[in-house]
Amino acid sequence: MSFDPMAVAVDWLDAYRAGDIEAILELYAEDAVVHCGCAGGQTITGREALRAYWVDRLRKYPAGTLDDLNPWRNDGTIISYITSAGVMSALLAFDAAGRIKELEL
């Protein structure tokens, strides 16, 4: 592995906290999948759907400070952070290039 999954997770949270949609999207692989427990459960795929998801999420649930950060399996990270709705956790899995291939919220 030529990247640090925990560092990429922190970069993701930093972009999220800054509300920087372009920086957020740049962290995702082209074939990334987002599984969100929101609105009864959603699976988001494709660049435009991912953009629409993040526009809505940034508006409804802006991220605050880091709560916790831990490695997950060989290629992932679990990150917890504060939002207006309380503490949220995200599981990030990465491809070989260090891009997010799967996000589970």
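Two strands are said to pair if DSSP finds at least two bridges between them. In this predicted model, strand β1 (residues 28-36) takes part in two such pairings, one with β6 and one with β2.

The pairing of β1 with strand β2 (residues 42-45) is antiparallel and rests on four bridges. Within it, V34 of β1 has I44 as its bridge partner in β2. The two strands form a hairpin, with five residues between them. One residue in the turn, A39, has a positive phi of about 50 degrees.

Strand β1 also runs parallel to strand β6 (residues 100-104). Four bridges join these two strands. Here V33 is matched with E102, its bridge partner in β6.

Aromatic rings were examined next. A pair of aromatic rings is described by the distance of the centres and the angle of the planes. The structure holds seven aromatic pairs. One of them joins F3 and F94. Their ring centres lie 5.5 Å apart, and the planes meet at 65 degrees, so the pair counts as edge-to-face, for which the angle must be over 60 degrees. This pair links distant parts of the chain. F3 sits in the segment before α1 (5-18), whereas F94 belongs to strand β5 (residues 86-94), 91 residues away. F3 has a relative accessible area of 16% and is therefore buried, as the cut-off is under 20%. F94 is buried too, with a value of 2%.

Y53 and W54 form another edge-to-face pair, with 5.5 Å between centres and 80 degrees between planes. Both Y53 and W54 are buried. Ring pairs also link these two residues with W12, Y16 and Y81 into a cluster.

Notes
Residues are numbered from 1 along each chain as its sequence is written. This is a predicted model: local features need pLDDT of at least 70, side-chain atom pairs count only at pLDDT 80 or more; totals for chains, interfaces and linings use all residues. Side-chain values use heavy atoms; hydrogens and water are left out. Rings of Phe, Tyr and Trp (its six-membered ring) pair if their centres lie within 6.5 Å; planes under 30 degrees apart count as stacked, over 60 as edge-to-face and the rest as tilted. Buried means under 20% relative accessible area, exposed over 50%, partly exposed in between (1.4 Å probe, protein chains only).
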